[in-house]
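This note is offered to a colleague who is meeting the structure for the first time. The points below may be read alongside the sequence and the model.

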Amino acid sequence: MGIRVSNLIKVFGQTTIVHGISFDVADGEFVTLLGPSGCGKTTTLRCIAGLERTNGGTIEIDGRIVSQPEADIFIAPHERDLGMVFQSYAIWPHMSVAENVAFPLIARNVDSATIPEAVAWALDVVGLSSLAGRQPSELSGGQQQRVALARAIVGKPKVLLFDEPLSNLDARLRDRTRAEISRIQKELAIPAVYVTHDQAEALSMSDRVIVMDAGLIVEEGQPRALYRRPAKRFTADFIGAANFLTLTCRDQQWFAPDGSSITLAQPVSGKDGEQRTAILRAEDLRLQARSAVVQSDRINTLSGVIEHIQYMGPHIEYSVKVQDTTLNVLDQIEFARNDEVLVTFSPADLHLLSTNN
Ligand SMILES: Nc1ncnc2c1ncn2[C@@H]1O[C@H](COP(=O)(O)OP(=O)(O)OP(=O)(O)O)[C@@H](O)[C@H]1O
C-alpha cells in the first residue's frame, strides 16, 4: 500500500514552507526527496513521521489516514508504524547495542519473550550480531549508524524514513553504508522515503527521485531519466551541474552560439529565431586541438578556447569558452590555457529542455 501524500501544506508562523505537494511511494519502493537546503524536504518527512502537524492535505500510510487536519485526524508518531533514521544516530550512550535496538519494542510494551529474537534478527540484517554486547562508545560512526538502522527496523515497520543518515560519515564509509541501506531496504521490501541534498546518494539509491525547490515538487522520475532527460532547467543544474547551450532556429536548422549547425538525434521543428535550451553533460563532450582537425565532415563541433583547467586525477576538468557560453568538459587529454579547441558531441547526448525554465 505504501505512502500517499496529497496536497500537503505546512506553515511555520506566517511562512508557508510546503505548498500543497502530492506524491506516492509504492510498496517496496525507495523514493528520495532531493533538493537544496531549505526547500522543505525534512519538513515533508517530519510531517509523514508525525513529528510535525500539517496545515492541510492528507497523509496515508499503508492505506490508513494518519494526518488530515481538515477532518481533525492526527495519529501520533509512535502509532504510525514507521522506522526512522536521522543524521545524528540518536542512540543511547549508556545502553549496549542490543539494549538500544530493543528499546522501541520495550517502549511499546511488546511481549518481552519475543524481544531477544527480534533484536537478533535486526542485528543480523545490519551485520552487527557479533557486537551486540558493545557500548556505543566502542563503535565507529558507521557501526553506530547501523545500530540506528537496526533499531528502525526491529519493530518490522510499514515504512522507513531516512533524514540525511550519511551526512556524519566520512566519504568511504558513506559509500559503503549507502550500499548497505539499499540492500536492506530491498531485502525487507519496505517502502522508504529518503531525504538528501546529495545527488550521488539520490541517483545511486533510489527507484525514483522527487526534486524539490522552495516547497514545491519540480519534477520526479527514475534516476537515469532525470539525469539524462530532465524536463526542467533546475533539475539539470541541480543534478550533475549540466552545461546549457542556447540553440537558435533558422530554416528548420538549429545553430549553436558560435554559428555552427547542430544535429539532433530526432528532428525538432522550430520557428525562425526561436531559441531553445539544450543540455550537455561534461562527460559527453570531447576536446580536440583546432589545428589538428579537418573540419569538413564533422557534426556537432563547436569552436572554443580553454579558459580554466583543474586536474582531478582520473580526468581533467576544463572550462571552455564558446562565444558567451562556458562549457565544462571532462577529458583525459592535456591542453593548456588559451589553447584553441574543438568541442564535439554525439547527437544522442544533446537533450533539448521542453521549456526554457
Ligand atoms: N520549526 C520550525 N520553525 C520555523 N521554521 C522552520 C522550522 N523548521 C523548518 N523551518 C524552515 O522551513 C524551511 C524548510 O526547512 P527544511 O528543514 O524542511 O529544509 P530542507 O530542505 O530539509 O533543508 P536542509 O537540507 O537544510 O535540512 C527552512 O526555511 C527552515 O528554516
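**Notes on the predicted model**

1. Helix H5, residues 171-188, is a useful place to begin: it comprises 18 residues and reaches 26 Å from its first C-alpha to its last, close to the 26 Å expected at 1.5 Å a residue. The structure under discussion is a predicted model. Buried positions in H5 are Arg174, Thr177, Ile181, Ile184 and Gln185. Viewed down the helix axis, these buried residues fall within an arc of 95°, so they line one face of H5. An α-helix has 3.6 residues a turn, so residues three or four places apart point the same way. The face turned away from the buried side carries the exposed residues Arg172, Arg176, Ala179 and Glu187.

2. What do the buried residues of H5 pack against? Their partners are three strands and three helices by name: strand S3 (30-34), strand S8 (159-163) and strand S9 (192-196), together with helix H3 (115-125), helix H4 (141-153) and helix H6 (199-205). Just after H5, alanine 189 adopts a positive phi of about 55°.

3. Helix H3, one of those partners, has its own buried residues, Val119, Ala122 and Leu123. They cover an arc of only 95° around the axis, which puts them on the same side of H3. Glu117 and Asp124 are exposed on the other side of H3. The cover over the buried residues of H3 includes helix H2 (97-107) and H4. Just after H3, glycine 127 has a positive phi of about 75°.

4. Strand S3, which also packs against the buried residues of H5, pairs with strand S10 (residues 208-213) in the parallel sense over four bridges. Within this pairing, leucine 33 has isoleucine 210 in S10 as its bridge partner. S10 is in turn joined to strand S11 (residues 216-221) by five bridges, and these two strands run antiparallel. Valine 211 stands opposite glutamate 219 in S11. S10 and S11 form a hairpin with two residues between them, and alanine 214 in the turn has a positive phi of about 50°.

5. The surroundings of the ligand deserve separate attention. Which residues surround the ligand? They are Phe12, Ile17, Gly35, Ser37, Gly38, Cys39, Gly40, Lys41, Thr42, Thr43 and His197. Helix H1 (residues 41-49) supplies the largest share of this shell, three residues. By class, the shell has three nonpolar, seven polar and one charged residues.

6. One open sheet has five strands in the order S2-S1-S4-S5-S6, with antiparallel pairing. Strand S2 (15-25) and strand S6 (73-74) stand at its edges, each with a single partner strand, so one side of each is left without a neighbour in the sheet. S6 is joined by two bridges to strand S5 (residues 64-68), and the two run antiparallel. Serine 67 stands opposite phenylalanine 74 in S6.

7. An open sheet of five strands is also found in the order S14-S13-S12-S15-S21, again with antiparallel pairing. Its edges are strand S14 (261-262) and strand S21 (351-352); each has a single partner strand, so one side of each is left without a neighbour in the sheet. Two bridges join S21 to strand S15 (residues 275-280), in the antiparallel sense. Isoleucine 279 stands opposite histidine 351 in S21.

8. Arginine 276 belongs to strand S15. Is arginine 276 buried, exposed or partly exposed, and why? It counts as partly exposed because 17 C-beta neighbours lie inside 10 Å, whereas a buried residue would need 20 or more and an exposed one 12 or fewer. Apart from neighbours within four places in sequence, arginine 276 is in contact with Leu247, Gly270 and Leu352. Its C-alpha atom is separated by 63 Å from that of threonine 114, and the two residues are 162 apart along the chain.

9. Some totals complete the description. The protein contains eight helices and 21 strands. Its C-alpha trace spans about 80 × 50 × 35 Å along the principal axes. Of the 357 residues, 34% are buried. Among contacts between residues at least 6 apart in sequence, 65% join residues at least 24 apart.

Methods
Residues are numbered from 1 along each chain as its sequence is written. This is a predicted model: local features need pLDDT of at least 70, side-chain atom pairs count only at pLDDT 80 or more; totals for chains, interfaces and linings use all residues. A residue is near a molecule or strand if its C-beta atom, placed from the backbone, lies within 6 Å of it. Ala, Val, Leu, Ile, Met, Phe, Trp, Tyr, Cys and Pro count as nonpolar, Asp, Glu, Lys and Arg as charged, and the others, Gly among them, as polar. Two strands pair if DSSP finds at least two bridges between them. The expected span of a helix is 1.5 Å times one less than its number of residues. The arc is that of the directions from the helix axis to the C-beta atoms. Two residues are in contact if their C-beta atoms, placed from the backbone, lie within 7 Å.
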